[in-house]
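Work through the exercises below with the sequence and the model open. Each task is followed by a solution in steps.

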Amino acid sequence: TMCQSEARRGPELRAAKWLHFPQLALRRRLGQLSCMSKPALKLRSWPLAVLYYLLPLGALRPLSRVGWRPVSRVALYKSVPTRLLSRAWGRLNQVELPHWLRRPVYSLYIWTFGVNMKEAAVEDLHHYRNLSEFFRRKLKPQARPVCGLHSVISPSDGKILNFGQVKNCEVEQVKGVTYSLESFLGPRTPAEDLPFPPAVRHSSFRSQLVTREGNELYHCVIYLAPGDYHCFHSPTDWTVAHRRHFPGSLMSVNPGMARWIKELFCHNERVVLTGDWKHGFFSLTAVGATNVGSIRIYFDRDLHTNSPRYSKGSYNDFSFVTHANKEGIPMRKGEHLGEFNLGSTIVLIFEAPKDFNFSLQAGQKIRFGEALGSL
């Protein structure tokens with residue numbers, strides 16, 4: 001009877017061996033992958049991870065039973081060469097379009113992103129020779145009246161992602177997702193031209209930026225969508241003393257991605273302008289994004305963003321304070337300051353008295369010249 005039962009189970013055992021063989025081969029292959037160097041492993045596992053997240057009905061999920069684990073979506077997204085892609089996009093934007101092709105191309109963009117061309121200084125679409133010129137179009141002078149009754153105005157068109165007081169040296173990029181204030185602005189150096197005082201031992205980074213007793217530190221995050229006006233202006237009367245350029249990633253900064261990736265603004269390429277206004281410390285940071293590696297500051301000819309000569313993880317400083325000009329670059333409220341290519345994010349971090357009040361709601365649309373807050 002035992003021999004009969006084994007004979008009956010013979011086909012089942014042979015089937016089990018055939019089913020088990022691919023698993024053994026796959027385990028052996030995964031073991032070989034684990035012995036590879038990190039760059040080689042990343043190169044070999046990246047396409048498989050992409051398929052894991054894209055294929056429907058979990059087609060590759062049985063691989064997890066034999067020891068394979070896909071990289072996280074965040075790690076996968078960070079591995080995309082966004083800087084290289086953005087440089088390629090920038091060159092494509094500079095290509096002059098034939099006269100007959102300009103209207104259909106720009107009309108498609110206008111329809112997709114809801115661009116209001118009635119506000120543009122030049123409404124004729126044939127005037128813009130390439131996509132770059134169209135993205136950086138200027139507005140009619142009367143299209144954005146500057147509010148003169150409040151201390152701080154919006155430097156650009158966009159959407160308010162977050163605002164409020166800076167507490168515990170953490171700033172919210174969107175509700176519930178924070179980043180480090182020191183990581184974002186960068187470490188302070190003992191240079192005399194920096195607009196904030198030298199480091200005080202055992203004091204927080206936030207308290208070192210507040211230069212006057214009774215003041216608080218505030219922040220405001222404005223997201224520029226692809227259809228928005230892409231120039232940005234001075235939000236108040238202030239003096240720019242210093243520029244710090246962080247080469248970095250160029251990940252998307254749309255609100256969904258900002259909720260997904262912690263410290264997104266600290267990873268991305270950005271230009272930090274710091275200085276003083278009548279209430280103390282003031283800073284404006286232009287954050288780059290995918291296809292927005294080009295950040296231009298009109299008075300800073302030495303600034304070159306998304307350049308291969310700069311490596312991620314570093315930063316370079318430039319001082320506007322010289323022996324001939326001991327204060328820096330004076331900016332008037334509403335004055336042209338710089339521009340993006342496509343869309344991105346602006347972060348304001350500034351010192352103000354405790355009775356400063358924002359007149360905003362998270363998620364609201366705002367236009368350049370409208371009031372952010374008042375005393």
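**Exercise 1. Pairing in the first sheet**

Task: Over how many bridges do E15 and strand E17 (residues 371–374) pair, and in what sense?

Solution. In this predicted model, E15 and E17 pair over two bridges in the antiparallel sense. Take the residue pairs in turn. Phe358 stands opposite Gly373 in E17. Asn357 has Ser374 of E17 as its bridge partner.

Task: Which strand order does the open sheet that contains E17 have, and which strands stand at the edges?

Solution. Step one is the link from E17 to E1: two bridges join these strands, which run antiparallel. Ile153, for instance, stands opposite Ala371 in E17. Step two is the order, which is E1-E17-E15 for this open sheet of three strands with antiparallel pairing. Step three is the edges: strand E1 (152–153) and strand E15 (357–358) each have a single partner strand, so one side of each is left without a neighbour in the sheet.

**Exercise 2. A second sheet**

Task: Give the order of the open sheet that contains E13, and name the strands that pair on one side only.

Solution. The order is E6-E13-E10, three strands with antiparallel pairing. Strand E6 (231–233) and strand E10 (295–297) are the edge strands, each pairing on one side only. From one strand to the next, the twist averages 20°. For the E6 side, count the bridges: E6 and strand E13 (residues 336–340) are antiparallel and share three bridges. In one of these pairs, His233 has His336 in E13 as its bridge partner.

**Exercise 3. The two sides of a helix**

Task: Check the span of helix H5 (residues 99–113) against the value expected at 1.5 Å a residue.

Solution. The expected span is 1.5 Å times one less than the number of residues. For the 15 residues of H5 this gives 21 Å, and the end C-alpha atoms are 22 Å apart, which agrees.

Task: Which residues of H5 are buried, and which are exposed?

Solution. Buried means under 20% relative accessible area, and exposed means over 50%. By these cut-offs Arg102, Tyr106, Tyr109 and Ile110 of H5 are buried. They cover an arc of only 100° around the axis, which puts them on the same side of H5. The spacing fits a general rule: an α-helix has 3.6 residues a turn, so residues three or four places apart point the same way. Trp100, Leu108 and Trp111 are exposed on the other side of H5. The buried residues of H5 pack against helix H6 (131–135). After H5 comes Gly114, with a positive phi near 65°.

**Exercise 4. A loop residue**

Task: Where is Asn325 placed, and how far apart in space are Asn325 and Ala241, C-alpha to C-alpha?

Solution. Asn325 lies in the loop between strand E11 (316–319) and strand E12 (329–331). With a relative accessible area of 28%, Asn325 is partly exposed. Asn325 and Ala241 are 84 residues apart in sequence, while their C-alpha atoms are 10.0 Å apart in space.

**Exercise 5. Confidence**

Task: Over which residues does pLDDT stay under 50?

Solution. Begin with the whole protein chain: pLDDT averages 76, and 64% of the residues score at least 70. Among the weaker stretches, residues 15–21 stay under 50 and have one contact beyond four places in sequence. Residues 30–44 also stay under 50, with nine such contacts. Where pLDDT is low, the predicted coordinates should not be read in detail.

Notes: Residues numbered from 1 in each chain as written. Predicted model: local features only at pLDDT ≥ 70, side-chain atom pairs only at ≥ 80, totals over all residues. Heavy atoms only, no water. pLDDT = per-residue confidence, 0-100. Contact = heavy atoms within 4.5 Å. Pairing = 2+ DSSP bridges. Helix = DSSP H or I, 4+ residues; strand = E, 2+ residues; numbered from the N terminus. Buried < 20%, exposed > 50% of the residue type's maximum accessible area, 1.4 Å probe, protein only. Arc of directions from axis to C-beta. Axes fitted to C-alpha atoms, helices over the stretch in contact; angles between N-to-C directions.
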